[in-house]
Structure formats: structure tokens, C-alpha cells
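Biologist: Could you take me on a close look at one part of this protein, the paired strands and what sits around them? I would like a connected walk through it, with a word on how far the model can be trusted.

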Amino acid sequence: MEKQWGPSTLARGSGYSRPLLPVILLKEYVYCPRYAYYRLFIERDFTTESMWDAKKFTINHILSALGSIKGKTLAQVKVRSLKLGLQGVVDLVILHNGHAKVIEAKLLTKLSRRSLRDRYAHIIAQAGAYAMCVEESLKTPASELGFIGNDYKVLWMPLSPWIRRLVEEATRGLHDIYRTEEPPPPSHSAKCNYCCYRDICWDH
């Protein structure tokens, strides 16, 4: 398959040369590596349904869900990590006492602590990747991740070693796909029934 170069950037300098892939693709990889493969080599538009939904809301809606905030808030922050080879735009970053908190809004999704650690682990990976990009871009350590679902309540989670490992392992897998252009093995599950690539996937 032909690479779609639009969503990626080649970072160069100081002997460094590596594509910066969208963080959204890392989320898709954790959800399903094969889905990420098709998104990488077929799709040109990386806008998801939840991203379109977020366009209907203003930053004030997210701030309202957060309530009283201590520190400086930055909205729609462009970040990247040369170490991970990722780039993206963070919904909201809160800077306070020398630390950063990353807010990820999923306004179409009902979230809970249990669902985040289970069926929505890919959302944790996305927020974790953004936080690690924030650390590198803003030169500020990230301490917490905040998730806002369709109930407009915030679920806080520390940026733990487990989340960092999840991001690092998924990043290696995603870049392996990019480098080799080889599809990961299929893994059939209930979510395949809702996948837009199921006909292509099941035929290969």
C-alpha cells in the first residue's frame, strides 16, 4: 500500500530523522493494531466522530466542567515528541506549581474509571501520549490526566509508570507498522462488527 504522507511530519536535525505520527493513530493502535494500519495507509482524514463533536463546543464548556482551576490554562496546544515520534493537539493543558495536567474531552462517550482501564484503555493511551509530548514540548513534567465524558464530570488519573509503558510499547508497535508496511495479524472480536474496515480486513 502507498503511504499517505499528509498526517506525518519528518523531524530532522542533530542527526535525527524520524516521522512524527499523529497521536490519534496511537490511540487507534491500542484499540486495534490492524485498524491503525488501515487508517495509516488508506485514510487521509484523521478526524474522528468525537473530534467533529468537539468542534460544536467551546473551550468554555470544558472549563465549566473543570470548575475552579488553579494555574494557567492553555487550549488546543500543538505538541510533539521526538523521542516517541508523535505529534498532536491537546484539548487543554493546566500548568500549576511546575507541573502540567492534560485534559482529554470525549464528549460523546460515557466514561468511568473502570471503563477507562478496560474497554477505553486506548483513550488513556492517547492522553498519556499527549502528556509525554507536553513534557518534551513545554519542558514541564506532567503529573495528571483528566478525562471529560458526556456527563461533563472530570475523572482524574495520575500519569503512572503503567501508562508510560503503555504509550512507549504502543508507539514502538505503531512505528514498526509504518516502517515495514506490514499489517498486524487479525484479531476478531465484537468490535469488528462496527468497524468500517471489516470487509477489507476479513478478506485478507
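**A walk through the paired strands**

Modeller: Happy to! This is a predicted model, and the protein chain averages a pLDDT of 84, with 83% of the residues scoring at least 70. Confidence is lowest in strand 1 (residues 9–13), where the mean is 46, and highest in helix 6 (residues 121–138), at 97. Residues 1–8 have a pLDDT below 50, and beyond near neighbours in sequence this stretch has 23 contacts in the model. Residues 10–16 likewise stay under 50, with 13 contacts beyond four places in sequence.

Now to the strands themselves. Strand 6 (residues 142–148) runs antiparallel to strand 7, and 5 bridges join them. On its pairing with strand 5 (residues 99–105), strand 6 runs in the parallel sense, over 6 bridges. Of the 7 residues of strand 6, 5 are buried, so this strand is largely enclosed by the rest of the structure. To find your way on screen, look for Ile103, which stands opposite Gly146 in strand 6, and then for Phe147, which has Leu155 of strand 7 opposite.

Strand 7 (residues 154–158) is a nice one to turn around in the viewer. In a regular strand the side chains alternate between the two faces of the sheet. Here Leu155 and Met157 point to one face and are buried, whereas Val154, Trp156 and Pro158 point to the other face and are not buried. The hairpin of strand 6 and strand 7 has 5 residues between the strands, and in it Tyr152 takes a positive phi near 60 degrees.

Back in strand 5, please stop at Glu104. With a relative accessibility of 3%, Glu104 counts as buried, because the cut-off for that is under 20%. Its contacts, leaving aside neighbours within four places in sequence, are Asp91, Gln126, Ala127, Tyr130, Gly146, Phe147 and Ile148. Gly149 is 45 residues away from Glu104 in sequence, yet the two C-alpha atoms are 8.9 Å apart in space.

Two of those contacts, Gln126 and Tyr130, turn up again where helix 6 meets helix 1. Helix 1 (residues 23–31) and helix 6 pack at an angle of about 150 degrees, and their axes are 8 Å apart. Their crossing is right-handed. Helix 1 brings Val23, Ile24, Leu26, Lys27, Val30 and Tyr31 to the contact, while the helix 6 side includes Ala121, Ile123, Ala125, Ala129 and Cys133. By type, the residues of this contact divide into 11 nonpolar, 2 polar and 1 charged.

One last stop is helix 2 (residues 33–41). In this helix 8 of the 9 residues are buried, so helix 2 is largely enclosed by the rest of the structure. The buried residues include Arg34 and Arg39, as well as Tyr35, Tyr37, Tyr38 and Phe41.

Terms used: Residues are numbered from 1 along each chain as its sequence is written. This is a predicted model: local features need pLDDT of at least 70, side-chain atom pairs count only at pLDDT 80 or more; totals for chains, interfaces and linings use all residues. Side-chain values use heavy atoms; hydrogens and water are left out. Buried means under 20% relative accessible area, exposed over 50%, partly exposed in between (1.4 Å probe, protein chains only). Helices (H or I, at least four residues) and strands (E, at least two) are DSSP runs, numbered from the N terminus. Two strands pair if DSSP finds at least two bridges between them. pLDDT is the predictor's confidence in each residue, from 0 to 100. Contact means heavy atoms within 4.5 Å. Axes are lines fitted to C-alpha atoms, for helices over the stretch in contact, and angles run from 0 to 180 degrees between N-to-C directions. A crossing is left-handed if the near helix is turned anticlockwise from the far one by less than a right angle, and right-handed if clockwise. Ala, Val, Leu, Ile, Met, Phe, Trp, Tyr, Cys and Pro count as nonpolar, Asp, Glu, Lys and Arg as charged, and the others, Gly among them, as polar.
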